[in-house]
Each structure stands twice: as C-alpha cells, then as structure tokens.
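Here are a few exercises to try with the model open on your screen. Have a go at each one before reading its solution.

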Amino acid sequence: MSLTLALEVGWGTTMAIKTLVVLMIIPLGALILGYTFLLKMMSHMQSRLGPMDPGGFHGWFQLIGDGMKFIQKEDLMPDGADRKVMAGAPAVVLISTFLVFLVIPMGPDLVVKDLDVGVFYALAVSSLSVIGVLMAGWASANKYALLGALRAAGQLIAYELPLLLAVVGVVMQAGTMSLQGIVYAQRDGSIFGVDWIGNPFILTQFIGFLLFLIAAQAELTQTPFDMPVAESELVAGYMVEYTGFRFLFFFMGEFGTAFAFAAIAATLFLGGWSVPWVHGDMANLLGPFVLFAKLMFVAFLMFWARFTYPRLREDQLQAFAWKVLIPIGLLNLLVTAVFKVGF
Amino acid sequence: MSTTETPAGVPSFELDRNALRHLADAQINVELDTGDMILNLGPQHPATHGTLRLVVRLDGERVLAADPVIGYMHRGYEKLTEVRTYPQITTLINRIDWLSSFANEVPFINAAEKLMGIEAPPRATYIRTILTELSRISTFILFLGEMGLQVGALTPAFYGFRDREHVLNLIEGATGGRFHPNFNRIGGLKDDLPWGWVSETRSVMKMMLDSCDQFEDLVAGNEIFHARTKGIGVIPGDIGTAYGVSGSNIRASGVDWDLRRDGEPYLAYPDLDFKVWTHADGDSFARYWVRLQETRESVRMVLQLLDGLPSGPVMAKVPRIIKVPEGEAWVETENPLGQMGYYVVSKGATGPFRCKIRSASFSNVSILPWLLRGVYVPDVVTILASLYFILGDIDR
Amino acid sequence: MPDETPEPSDAEAPAAGDAPAPAEAEPEPEPEPEPDPRHVELLARLDATLGDAVIEHADALGNLVVRIRNDAWGRFAEVAKSDLECDYLSFVSGIDWAPAPKEGGDDGGSDTSSPVQPTEMTFGAAGSGGRFQVFAHVQSTTKLWGLTVKVDVDEADPAVASWVSVYPGADWHERETWEMYGVRFDGHPSLRHLYLPAEFEGHPLRKDFPLLARVVKPWPGLVDVEAMPEEASASEPTSAEDATEEPAAVTEGGGA
C-alpha cells in the first residue's frame, strides 16, 4: 500500500501498525466517550458540572487519572471465587471488542482487513462478550453477580435478532456485506435519482436505524436495558466483585464496545468515513475525522436515552424484543425487499 | 450455592407451591423443583433507603417470602424521653423523620400544650402550619425524583434534590436549621419570621409548581415508568388499614382518610380549604401520583396560609420551668409519611413519664412480608421506593 | 352502664341533693360539658358486646380510654373490627407504672435539667390493676372515631392474647412490646426480637432496666453556663452551676 507520502512498507509492517492503532483506539475511544458523555453530558443534564479540576480545563484528565488509580490497586478476589475464570472474563470481553474494530473502515484504505462478510463478522464477534459476562457472574461467588449475569445472558442473546434484522435491510440495499462496500454504496448511490448527498441509509432505512439504536442500547446493557447492572438493585451486577485493573478492563470494554457500535451505526446508516464529493487521498485524510463526528452524533443519541429513561424489568425487556422489535424488523425487511425489487 | 438453612427463630419459609400454580412461570419451577436462594438485601443497599435489611427467599427472580429485619438504627427514643425534659425532647424528635423534621415536633408539642391547657397564639399556629406544609413539600419533591432513581432513571433524582434546596433555604431562613429546625416551643415558636420571608415563599411556591409539572412530564408520563409501576405492589384498602398503613399509601388505595381533615382539629387546618387526593388502584403508580397531587395541594395550602397570616405574638405566656400537669394525651397528625402520634403520659414533672411514639413508617413497612410474596426482585425495589419510609421513623 | 365521664373538676360539684335556693350567692357550678357523642356511641356498643369486661373508662383530654379485663383482650379485637367498625390499628404498646429509680442517687435534686419523677406509683386515665399494662389505639377511617384500650397484665408472668388474627399489623407491635416489656402474646406466630439483636437480655423499657448512659456516666447537669472571660479570671474557673468535676466517674466507664 502507499500513502500520500509515498512510503513503501511491507505487508507485515502494515498489519502491525494497523493493529497497534486499533489497540490504541479502544482505550482512547473509551476515554473520549466516557468523558464527553458520561462525565460532562450527564452532569449538565442533571444540573451539575461534573469534574472541573483534574487537568485544569474542565477536568479532562479525570478518566486518565481514574485509569492510573485503578492500575495500581490491589488485585482482590473473593474467597470462594474461581480465580482463573474470574481473571479471564474481562479478557474475553476486551478481545471481543478488539475483534470488532478490525473491520471498521476509517478511510478508503484505512481498515485493518476489509472482509467480504464484514457486517456478519462484526455482529458475530460482538456476541462473544456474552461469554465473558457469564464467566464474570459465575466466578464471582456472589449471588448478586449471578443474578446480573443471568439477566445479561438472556438479554444479550434476545437482542441479537433485532440488531441483525436492522442490519439486513442495509445489506439488502447496499447489495454487499462488506463495510467498505456499504460505505461506497452510500457515497456513490442515489435516492430515486437525487444523488448530491449520496444515499445515506438513514433516510431510507430510518426504521432500521431506530431498531439498530435500540438493539445496540440493549447489547451495551445501557438504560433502559441495564437490568444486568441495575445500579439501584444489584450495584453493578456481574461486575460487582471486580476491582482494580480488571474493573478497568470491563469499563474499557463497555465504552470501547459503545464506540464500536456507534462507529458501525455511523458506517451503516450515515455513510461512515465518506463525504459525497471527496475522493482519493483526501478521503484518507478526512475519513477518520468524518467518521468520528458521525459516531459522536450516534453516541450522543444513545447516551441521551441512557440518562433519561428508567429501566425496563427483565421480562418486559424480553417481551419488548420478541414481541415488538422483531416483528417491526421483519416488516422493515419486507418493505425494503419490495422497494428493492420493484424500483 | 443455594442455602436452605433457617436462622434460629426466623419462621421457616415453607410455602405451598401449589398456591403459586396460577403464575405462568411458576408452573415450570414447580415441576423442575429448582433450589431456592436466600438473598440479603441490605442493610447497606442503594434500594433500601437506609439501614433496612430484607431477607428474601428467591426462586429464580421471584420472591417466595420476605422478612424485613429492622433495628439497625434503633436509638431507644422511648427510653430517652423518660429522662428528658420537654424542650430537650423537642430536639430529639426532630430526628425521627429527618426529611420532614418540623412535622415531627408538632404532635408532641401539641400534646404538651394540651396537657398544660395552653393554646399557642394564632400567628404561631399559622406559621407552624406553613412550616409543616413546607416540610411536606420538601420531602415529597425528593420522593418524586428519587422514586425515578429507584426505577432506573438517573436524572430526576438530581432534579429532586435541586428543587428541594429552595424549600430548605426557606426553612433555614425561618428557623436557622435546614434539616433539624428545633423551632417549636411549648406555647408557640422560638422566633418570628424574618423580614421578606413571606414574599420569598411565594416565589418559591411558584417554582415548586413548575417542578411538579416537570416531574409529571419526566417521570409520571414516561411509558417505561408506567410499565414498572402500574399493577405492582397493590395494597387493598382494608388490608392496608388492618396493617396500619397510613398517609399517602392508604389514600392511594382508595381510603379517603386524611387527619388534617378527619382527625381532631389541629394547627390551622380547620381554616383551610383543601382537597384530599385518593386513587383507586393501590399500586405503586397510584402512590406516586397521589404524592404528586398532594405536593401541588400543599403549595396551594401554603399560599392560602400566607394570605391569611395573622399578626401578633408568636409565643404564649408560659412559665420559665415547664412542669406539665398530670394526665394523658393522645395527639395524632398527618405527617408526610403517614399518621404520626404521641401518647404522652405525664405525672407533673418537667418531663413525660412515658411517651409512646407512633411512627408511620413502622406500620407501613410491616406490610412488606405480605406484600412482597410472588413479586420479582426489581419489583421489590419499586415497592420499597413507593412506600416511602424513613429508617429513623421505623426504628426510632 | 350509664355514661359517666368522671372529670377531676367535677369532684366538688354539688351533689344532686344540694339544690340551692334560687337567690344563693353560691357561684353557678360550671355546667358539665357535653360528653362527646362518639364516645357515647362507642361505650354503648362496647357495653352491648363486652358487657362487664369493661372495668373502667375515662376521657383523657378528648380521647376515650377504656380498661378491659385481661381475658377479654382477644375478643375486644374482634369487637373493635366488626361492631365498633374500627378498621385501622394505630399501635399496641405497653406501659410500666413503676417509678423510675432516682438518678445519681438521692442527692441529684439540685439539677433541674433532668426531670424528677414522683417516687410513688400512680396510675393514669382509667386506672390500672398493677405495674404493667398493655395499651392499644384503634381507629375507624369511616366513622372517624377511635379509642385507646388498656389491659392489666400480671407482673410476674405478663401475658395477654394476640391480635394478629384480626389486625395483622399487630404482629410487629406485639413483637416490640414483648421485646421492650417482656409481655407474652399468646397466639402470636413468632415472638422474636424486632429491634434488638437476638441474644439481647432484658427488657429495656421496664423502669428497672437502667439507661446505661446514665449509669456509666452520670448526667453532668447544666454545663452550658460558662463564666465570661473577664469574670473567669477574677473568680473560680468553674461556675457555680457547673457540675463538679467527676473524674472518677468519667474515667470509669467507656463513656456514653
């Protein structure tokens, strides 16, 4: 591959650089999302300021300082805990997050590996985190953790389907499962002949976008679907016995996955890194920033819902997924198919 | 992991599983005969409003039986009142229901005044009523926000605390204390109102009405809140009264009983024109709704009181050392949490001989073993939040 | 039973036979206040159902207090719920009429900050048969009346029937009364500690159970009256009203 600077590097080096970048993005993305939305947006919604002192300017250093604090804490495990499983659970969650980032494109060439089944792969590996959650809940030797983990398992599996149905509509419209392909389809496409804004699927797949947002909210166990970590009942649910850097891993995994899902939503529905009239190497330069802006918008919507709504009870949550979201998803699929074939 | 041992003395949670057969998923559990789990909610727990401990026996997520364990905050008030003088007791009883402390003092002072045959001057009576209603507003605004928190919405709780500050500032302006005013004296009040307090109160009351509207939009109108609270924790009216449940809880079950209107006349309530709100359902949403309406009603009452505030002294003539003549008096009032009553037995000394404190939350919480059978764990939290008890009120 | 509300002030009212001549200078006796019609109705219904189980009744500043026999306590609950239409249980508690032991010995009289109770045992409204009584208050949310009912319990083996089958709310009240006074409630499903830990010994609200804070460290009296700085240098460091330093007593216990 060559960049604008005409550097010739081998395949191995390229892979190494890209992997390193992705590894750095996870904590960085978690930090940015956490600070902007969890610390600042939530505070302002609740008529308070949030951290102001650490780092001087509006407390930007707060989360980094928290990370540093977590790392130097004692590694505690409860008496009856299964040590190996308890240590492995955060790793499973983080690995699943990392694997998702491998297919998210930030520019025409800025993707670790553009798989032909990109979307399918992304959804598949993001479900690996369920295993991590179950491991955490069981190994913690704590009844609250177990309750939380069991709730999470049911919820995460149930909401895979609406997620999938939302995405299938996009795939039908784009004609490909590859994420780069979907971005190109949006940039170069047109809506009934009008093409100066391309074909962002949010306009034609509006229902799919909503479905995706709701299902992503549930996949991330965020209110209104945060029964597994219901703060006022279970006090962090399956994570309750985790302290120190293991808790940091969970936290990074949670916000990293939020970053990933927001990026996927931006890619699938908002056009990802693309702006309709920008091509070539300019796109490589602008791409990351464009994608970042779009994903921040999606994340804003997700976190806004998180801080406003109460939480649904577990059985109501399941009923909502199976009886409401899936039928709507299927209907959306039907309508999309009709439009695709007929027009 | 599940344990089935019963600590000594605790009644065994033997339950007729056939009785639960009508519940859809209980059918499966009965046939599978899965083990039960004993879970300890508390005493440190975000849902239990303080140091209440609920030992629940769970079958999956369903509660089979619940046993509240109280007493973590027992301070021995009734023993203490036997060795304190009346003014000293006034300081003590502020701390029974600490969110609406002014309202705790009123029935006790009324009982002492009844025994002595003293009547507080009308201005003092009006100011006492205003401060009681202000403490009712402050505690209910907090409830409106904090019940949202228990159900999962993080933001309304902050609004509740923020709006409550205005009322606390008013109480502090008048009495010098935000939480524990200690303002009542036998025969009247410690002091008169400061300059400008009345107009400040009027503007704060306008703010409180806006705040109620905001809570109605944000919480009471939210579909998820409805799904979490409607039909949850239904208390039938007759069972509620047999347990001694009082206040907004019993009015939400359709029992039209408010001591401000129906009990022995006290304070300035006979002069006021107010509506008693009831709701027919008796579930958690009804309790929320009733308290929302009562907050608005309290605001209207405060405005009426401010309009009719008489002038005059705030303290009647009382001797320096207060010796209350022999006798017994029972005074009950409609406190924010429910019916609060003092049965004061005096033998002519400077302090009571026996002072039975009837606190509202004690009876409100005693219905939990009956109420929590067969509900889900998240519903336990909703029910606890909707009953709105204060630990100091339960444990005294 | 004819309704008589014995009022202390009527003790010296002229008896029926003392009809004074119309032009007497004797002041008109205060007309006996009208008995509360709710009390009249309640007593009539009680008379019809319990009859002579009602030993005494009194009007304590507007509140009807009735004392009934120990064996009628359980029946009273049913009567209250059905005939008196009292659907609401306010509380059940106990009272110990024994005088409290004097604090700080016999010379603690100079301290006015702590109440000094009389040393003889006297009883309150509607009297009492002994040291311990259980009393309760029931009300009606529909008829808007209520009454306090007292019952004597034996000092050596205090026991009375339980109300749990009629008023389920009595469960906790009776547990508390047992815990604080030692009164057994027959028929209660599980009489165990409510506030105090399970291994607690003694019954705290009995008058012979010492308030431990007082025993370990005697009440220091009025300590908030300190001499002004200029006076303090001129006179003794301690003010006259200050309780004398009691280092021995303070260091003895762990403090209150």
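**Exercise 1.** How many residues does the contact take from chain B and from chain C?

*Solution.* This is a predicted model, so keep that in mind as you count. Start with the two sides: chain B puts in 53 residues and chain C 59 residues. Next, look at who gives up surface on the chain B side: Lys79(B), Glu328(B) and Phe353(B) lose the most area to chain C, together 15% of what that side buries. Then take the area as a whole: about 4600 Å² is buried between chain B and chain C, with 56% coming from carbon and sulfur atoms.

**Exercise 2.** Work out how many salt bridges and polar contacts cross from chain B to chain C.

*Solution.* Go for the charged pairs to begin with: the rule finds six salt bridges across this interface. Lys356(B) and Glu176(C) form a salt bridge, with their closest N and O atoms 4.0 Å apart. Now for the polar contacts: 27 residue pairs between chain B and chain C qualify. Sorted by class, the chain B side that touches chain C has 23 nonpolar, 17 charged and 13 polar residues.

**Exercise 3.** Is Asn284(A) buried or exposed?

*Solution.* Find the residue in helix H12 of chain A, which covers residues 281–308. Its relative accessible area is 12%, and the cut-off for buried is under 20%, so Asn284(A) counts as buried. Now check its surroundings: beyond its neighbours within four places in sequence, Asn284(A) is in contact with Gly107(A), Pro108(A), Asp109(A) and Leu110(A). With Asp109(A), the side chain of Asn284(A) makes a polar contact of 2.8 Å.

Methods. Residues numbered from 1 in each chain as written. Chains lettered and ligands numbered in written order. Predicted model: local features only at pLDDT ≥ 70, side-chain atom pairs only at ≥ 80, totals over all residues. Heavy atoms only, no water. Contact = heavy atoms within 4.5 Å. Buried area = accessible area lost by both parts, 1.4 Å probe. Salt bridge = Lys/Arg side-chain N within 4 Å of Asp/Glu carboxyl O. Polar contact = N/O pair within 3.5 Å; in protein donor to acceptor, adjacent residues only side chain to side chain. Nonpolar A, V, L, I, M, F, W, Y, C, P; charged D, E, K, R; others polar. Helix = DSSP H or I, 4+ residues; strand = E, 2+ residues; numbered from the N terminus. Buried < 20%, exposed > 50% of the residue type's maximum accessible area, 1.4 Å probe, protein only.
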